[in-house]
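Reader: I'm in my first year and still learning to read pictures like this one. Could you pick one part, look at it closely with me, and then show me what surrounds it?

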Amino acid sequence: MLAIWGVACDAPDGGEGPDYLAPELRAAVEQLKLDVATRPTDEATVAERARTLADWVDAYALGGGEVGLEGPRVRLQATDPPTGQVALAQGAIVDRLVRQFALHDEPGALGELAAESLGPFEARSYQTLRQTWTVGTHPVVAGGGFWVARHFSVNSGPFQTEDPGGDGYVTIATTDADARFETDVYMARGPHGGFRAPEPALVFRVSAGQVDPGETVTITYGDTSGGGPGLLMTSTSSARMPLPLYVDLDGSGEWRPLPLQPFVVTGTRVAGVHGFAPSIVAPGEPFELSVRAEDAFYNRATGDIPAFEVRVDGDVRATTPAGADAITVVELTLDDAGPHWIDIRSEDGAIRGDANPVLVVEDAERRIYWGDTHGHSGYAEGIGTLDFFMTFARDDARLDFVTHSEHDTALDDAEWELSKRTVEAFYEPGRFIPYLGWEWTRPARFGGHHNVLFRTPEGRGRVSALEYPTLSRLYQQLRERYDPADVLVIPHAHNPGDYRQSDPRLEALVEMMSMHGTFEWFAQAYLSHGHRVGLVAASDDHLSHPGYSGPNRDTLAQRGGLAAVLAPERSRDAIFDAMKERRTYATTGERIILDVTVNGTPMGQRAEYADEREIELRVIGTAPIDAVTLLRNGEPIRTARYSDVGRRNRRESRTEEWLLSFASDAAPVHPGDAPRGWRHWRGELRVEGAALAAIGGTDFVNPTTQFLERDGNGARFATHTRGDTSSIRMTLSDFRPDAAVRLALEDARETGSAPPFFRPPADIAGFRTRLPLHASGVERTRPADGYPGDRITLRRISRDGPRDVTLRHTDDDDPRQGDYYYVRVRQVNDAMAWSSPVWVGGYPSR
């Protein structure tokens, strides 16, 4: 590590002042430059050279330089040296990076990049952006050029160079009169290209002359000079939206990244409103309700903010003034015990929303605190800044706690130090608790991805997968360096943790749902292997929007989840202790209130053995409850349904509510494989023999992959599922006896990050089906390449089902030591929650 060389002063990019490298490291770096210039890196030299390069990268970062994503990653080649052809391939990367960082040591070698304007720009608006590079000491010769890259998390409009009057027209201009350019295509892979496989990217190549030192090159994104509208901006607000730009100076094909410019994107006009309140309060206790005006993409809204009325159980209890900030905090009190529901509407009624339910309880032993244990910003393959991430968590999502859990394979030492400083800066005892952490990032065959959280940030260093690249070594190092009581490890599912092994003193929780999909199978895999773990969900958001995440891609394609923690107070120790004690439950992002006991023993705990088990539960939903399922040892033993109408006589109402639902399994076919990808559902529905009065998607929030367009007595639609359900709600009337819904589904291909490696993504043939509008409902199942069936259901539901339900169940059927029980909740809007298990008898892992 860098510590063996000592730490020197700042002077990256050949700047004036003391050398940013300590003398010993400077000598090693200069020798490395000579060695690489003399002989390519091979199996015999890759470990030593990679180690020196990695120390150089960290020192450059600590000096204030930008090192990109590849620099930190080379340390793995020193820890686990490759052999054979892999060594040659990795050696070539080492050599390229040595040449790249050597340019940083030359004053002015890579010139300067600047933006005409950094914004702010409204989300989903058309804009013209320009980046101008002043050429450094090296010219760009014929054959060299500029790679105009796209970040795969930025869903701005496509780039094109053919139609000056079209969207996204991109041009290049230079002050060097003799330089000429031609367009070319580069097959780019990684965060600035195709993340899992190469995709074509735009290149402007110098075809004649050269661009000399001191001249400028300007890239215009959304050039309107030919009559085009500009570039369609991304849908997600950001303090650092990247437009990556690379230069090839000599035609070698070695692309040098230029510093990312921090373009600012804000939300756009108000399209909705949402409230955030504590889930549990005492009678008469003042509490804060945050009223957040938001745009159609879940960003904080901009522009004219209307006045809002805050209603509690139908009565106006507070108002916010017109023209106020997009986030306004009002103070409320509630005297009556029990649940209360809050809705928010503009004075003209045009904009409506709600808040989470609030349960008033006298002397509650524990309260529910909401957090996101897994989110990213722009220090790996995501976008954004740490300050924006923390501000969003605290002010926009109104989280009680959060962890910025960046991939350690991209973290440099400077970014880790920044993480520690930021955690301390945003820590507000009693209000907002950031936990220091990172994501240990290795493929499934080495243990899979695990988030690591520290109780406190003081004196904490990361145990990086670049130096400890197997799960057993991670566990070992954490135990040797730290008190296990102060460390929490949480595996997640889409790059699945190895559920065959788990350290019981470190690994108290598993992440079973995120923007990557819904993975109850993953929780069951840990539980069925005897591991005593609680359940949480998280966002895994990569856009610096933790805790209230609106998706914009076809990989992280659904809204993010949340972890509910039951703790006696909102403090750093109390919440961390509760997570270590598994006093948690998981939700798909809705702040559902859930309480489950077995023989009086709460979630995450072990009850004394008894042959008879009395299970009691209560659910207070954010929407009507559809079903509650009780599971023992992973198998359902009772399901209570609350929204089904059943065979009620059709004459009782003039209109009926029907739910058309799509579902797919995500559990891998092969043990140890990554889960199945997203199952896409795209096509057309037609209502026959009834009138379609209204139609809407229950959770259609992804502008990239979901839409619902009314078309007469039907609609065109697109949605997706990955271990969950996505539904379309229809209001129907004027039924004939032969009434039905006809579906015509198009061919589809599974997608998703971390795709399965034993079973490749499948192509699924389209088909047509007719679903009768029978009072009892109908289900269709279609086999799907190794899976028992993708499911389509059509059923009638009640217009306004219960939101507060209780259930008691006695289980005395074949009791065994160590049986465990947990509860799955589904709402009519497809939101879900899962309790942590309660074990009966048996004994914990040691």
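Author: Let's go with helix 10, where Arg-572, Ala-574, Ile-575, Phe-576, Ala-578, Met-579 and Lys-580 are buried. Buried means under 20% relative accessible area, while exposed means over 50% and partly exposed lies in between (1.4 Å probe, protein chains only). Before we go on, keep in mind that this is a predicted model: local features need pLDDT of at least 70, side-chain atom pairs count only at pLDDT 80 or more, and totals for chains, interfaces and linings use all residues. Residues are numbered from 1 along each chain as its sequence is written, and side-chain values use heavy atoms, with hydrogens and water left out.

Back to helix 10, which spans residues 572-580: seven of its nine residues are buried, which leaves the helix mostly covered. Helices (H or I, at least four residues) and strands (E, at least two) are DSSP runs, numbered from the N terminus. Just past the end of helix 10, Arg-582 has a positive phi of about 65 degrees.

Helix 6 (residues 386-396) makes a nice companion: it is mostly covered too, with eight of its 11 residues buried. Among those buried in helix 6 are Leu-386, Phe-389, Met-390 and Phe-392, along with the charged-residue names Arg-394, Asp-395 and Asp-396. After helix 6 comes Arg-398, again with a positive phi, this time near 50 degrees.

Now for some strands. Strand 53 (residues 787-797) has nine of its 11 residues buried, so the rest of the structure largely encloses it. Strand 53 pairs antiparallel with strand 42 (residues 655-663) over seven bridges; two strands pair if DSSP finds at least two bridges between them. In that pairing, Ser-661 has Thr-793 of strand 53 as its bridge partner. Strand 53 also pairs antiparallel with strand 52 (residues 778-784), over six bridges, and there Arg-780 is matched with Ile-792. Strands 52 and 53 form a hairpin with two residues between them, and Asp-785 in the turn has a positive phi of about 45 degrees.

Elsewhere, five strands make an open sheet in the order 7-8-5-12-13, with antiparallel pairing. Its edges are strand 7 (180-188) and strand 13 (256-257), each pairing on one side only. Strands 7 and 8 share nine bridges, and Val-185 sits opposite Leu-202 of strand 8.

One residue deserves a stop: Trp-133, in strand 4 (residues 129-134). Trp-133 is buried, with a relative accessible area of 1%. Its contacts (heavy atoms within 4.5 Å) beyond four places in sequence include Leu-110, Phe-146, Val-217, Val-247 and Leu-258. Val-217 is 84 residues away along the chain, yet the two C-alpha atoms are separated by 5.2 Å.

Finally, zoom out. The chain has 10 helices and 57 strands. Its radius of gyration is 28 Å, close to the 28 Å that the globule rule gives for 846 residues, so the chain is as compact as a globular protein of that length. That radius is taken over C-alpha atoms, and the rule is 2.2 Å times the number of residues to the power 0.38. Along the principal axes, the C-alpha atoms fill a box of roughly 85 × 65 × 55 Å. Of the 846 residues, 60% count as buried. Among contacts with a separation of 6 or more, 73% join residues 24 or more positions apart.
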